[in-house]
Amino acid sequence: MLNIKIINENQRKLLERRELDIEAIFDGPTPKKQDLLKEIASLTKTKENLIVLRRVNQVYGTSKAKVLVYVYSSEEALKKTEPKEKKSKEKKEQPKEEAK
């Protein structure tokens with residue numbers, strides 16, 4: 001079970017996003033990022049692809065986590081602001097053809 005509560009909300013008009021400080025209370029292990037995204041999307045009533053999880057800090061010894069989330073107004077604003085994802089090492093390490 002996952003309960004989410006918004007602690008603080010800041011509007012950044014220049015970056016076209018909202019910055020949310022969220023407290024997540026859960027049972028068992030720390031929830032996966034995909035589960036957090038689904039819950040936050042339903043809470044903020046936005047699409048999952050417009051939400052970026054910046055930080056998930058679990059409070060030691062408790063079943064709470066503090067989460068920093070950016071909710072963008074559009075995909076264009078997201079692409080302008082967020083850094084591009086680096087390619088994983090698995091994709092880079094493809095077998096090279098031997099010279100004949």
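A nonpolar core, as used here, is a set of buried Ala, Val, Leu, Ile, Met, Phe, Trp, Tyr and Cys residues joined through side-chain atoms within 4.5 Å. With that in hand, let's walk through this predicted model.

Start in the middle. The largest nonpolar core has 16 residues, and I22, I40, I51, L53 and V69 are the ones with the most contacts inside it. At least two of its residues come from each of β1 (2-12), β2 (17-26), α1 (33-44), β3 (51-58) and β4 (64-72). A second core sits apart from that one: it has six residues, including V52, L68, Y70 and A77.

I22 is a handy place to look around from. Leaving out residues up to four places away in sequence, I22 touches I4, K5, I6, I7, I40, A65, K66, V67 and V69.

Now for the strands. β1 and β2 run antiparallel to each other, paired over ten bridges. One bridge links R12 to R17, the latter in β2. Four residues lie between the two strands of this hairpin, and E16 takes a positive phi there, near 55°.

E16 also leads us to S74, which touches both E16 and L50 once residues up to four places away in sequence are set aside. Where does S74 lie? Look in the loop between β4 and α2 (75-81). S74 counts as buried because its relative accessibility is 18%, and the cut-off for buried is under 20%. From that loop, the S74 side chain reaches the backbone nitrogen of A77 at 3.3 Å. A77 should ring a bell: it is one of the residues of the six-residue core.

Definitions and conventions: Residues numbered from 1 in each chain as written. Predicted model: local features only at pLDDT ≥ 70, side-chain atom pairs only at ≥ 80, totals over all residues. Heavy atoms only, no water. Buried < 20%, exposed > 50% of the residue type's maximum accessible area, 1.4 Å probe, protein only. Contact = heavy atoms within 4.5 Å. Pairing = 2+ DSSP bridges. Polar contact = N/O pair within 3.5 Å; in protein donor to acceptor, adjacent residues only side chain to side chain.
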